[in-house]
Amino acid sequence: MPEDILREYIKQHIEASAPGPVLFSWHGGEPLLAGLDYFRKIAEFQRMLAPDDKVPVNGIQTNGLLIDDEWCRFFSDNKFIIGLSMDGPSFVHDVYRRKAGDGHTFSMVKKAFLLLSEYGISTELLCTVNAENVMYPVQVYEFFRAMGARYISFIPVVERDADGRIADYTVPPEEYGAFLCTV
């Protein structure tokens with residue numbers, strides 16, 4: 001989003017919000033690809049445009065692959081809340097969470113979670129429940145708890161393939177229900 005449109009969006013969002021917290025949610029694709037300078041500009045506009053009775057609160061949903069110390073310092077300084085996509089231990093996470101070249105992402109995401117925790121950044125794990133990890137509810141939940149996760153959301157994967165049929169990785173509704181009842 002060009003800077004002038006970003007500024008106007010932030011201005012209008014703040015103006016349209018009631019006094020108190022003004023929630024901003026940054027997601028879609030991988031928002032960190034916009035770059036740290038872009039998010040610094042967001043924080044600058046929010047500080048400049050928000051009156052004292054309105055406090056910007058930023059949430060961001062990320063796969064975590066770009067998170068490093070510099071991002072964590074920014075998140076901490078600006079009190080961002082992080083939604084980190086992770087689908088369980090490596091044997092289930094890496095089934096569908098791959099980077100270009102078919103590379104595994106589990107170790108990068110786990111490292112991001114630990115780094116966010118080290119900086120004291122509020123982080124919610126966003127676990128997409130799919131046709132693979134739905135078979136391991138106890139292992140997935142216990143893994144997240146052993147990692148120190150305080151907040152976990154279990155989101156069903158329901159998608160169609162290119163031919164319009166239910167995708168193979170979609171979680172069957174009965175199995176999703178059983179997963180939730182187990183955890």
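The following dialogue examines how the terms used for this predicted model follow from its computed geometry.

Visitor: What makes up the protein, and in which order do the elements run?

Guide: The protein has seven helices and seven strands. From the N terminus on, they run α-β-α-β-α-β-α-β-β-α-β-α-β-α. The C-alpha trace spans about 50 × 40 × 35 Å along its principal axes.

Visitor: Which strands form the open sheet, and in what order?

Guide: Five strands build the sheet, in the order S1-S2-S3-S6-S7, with parallel pairing. The edges are strand S1 (20–26) and strand S7 (151–156), since each pairs on one side only. From one strand to the next, the twist averages 20°.

Visitor: How do you know that S1 and S2 are paired?

Guide: Pairing requires at least two bridges between the strands. Seven bridges join S1 to strand S2 (residues 54–62), and the two run parallel; S1 and S2 therefore count as paired. Within this pairing, Leu23 stands opposite Val57 of S2, and Trp26 has Ile60 of S2 as its bridge partner.

Visitor: What makes S2 and S3 a pair?

Guide: The criterion is again at least two bridges. S2 and strand S3 (residues 81–85) are linked in the parallel sense over four bridges, so the criterion is met. One of the partnerships joins Thr62 to Leu84 in S3.

Visitor: Which crossovers connect these strands, and of which hand are they, left or right?

Guide: S1, H2 and S2 make a right-handed β-α-β unit. From S2 the chain passes through helix H3 (residues 69–77) to S3, and this β-α-β crossover is right-handed.

Visitor: Why are H1 and H2 called oblique to each other?

Guide: The axes of helix H1 (residues 3–16) and helix H2 (residues 36–49) cross at roughly 40° and come within 10 Å. Angles under 35 degrees count as roughly parallel, and 65 to 115 as roughly perpendicular. The crossing angle of roughly 40° belongs to neither range, nor is it over 145, so H1 and H2 are oblique. H1 passes H2 in a right-handed crossing.

Visitor: Which residues make the contact of H1 with H2, and how do they divide by character?

Guide: From H1 come Glu3, Leu6, Arg7, Ile10, Lys11 and Ile14, and from H2 come Tyr38, Lys41, Ile42, Phe45, Gln46, Met48 and Leu49. They divide into eight nonpolar, one polar and four charged residues.

Visitor: What is the orientation of H2 relative to H3, and how do you know?

Guide: The axes of H2 and H3 come within 11 Å and cross at roughly 10°. The cut-off for roughly parallel is an angle under 35 degrees, so H2 is roughly parallel to H3. In the contact, Leu36, Phe39, Arg40 and Ala43 of H2 meet Glu70, Trp71 and Phe74 of H3. The residues of this contact comprise five nonpolar, no polar and two charged.

Methods: Residues are numbered from 1 along each chain as its sequence is written. This is a predicted model: local features need pLDDT of at least 70, side-chain atom pairs count only at pLDDT 80 or more; totals for chains, interfaces and linings use all residues. Side-chain values use heavy atoms; hydrogens and water are left out. Axes are lines fitted to C-alpha atoms, for helices over the stretch in contact, and angles run from 0 to 180 degrees between N-to-C directions. A crossing is left-handed if the near helix is turned anticlockwise from the far one by less than a right angle, and right-handed if clockwise. Contact means heavy atoms within 4.5 Å. Ala, Val, Leu, Ile, Met, Phe, Trp, Tyr, Cys and Pro count as nonpolar, Asp, Glu, Lys and Arg as charged, and the others, Gly among them, as polar. A crossover is right-handed if, with the strands pointing away from the viewer, the path from the first strand over the helix to the second runs clockwise.
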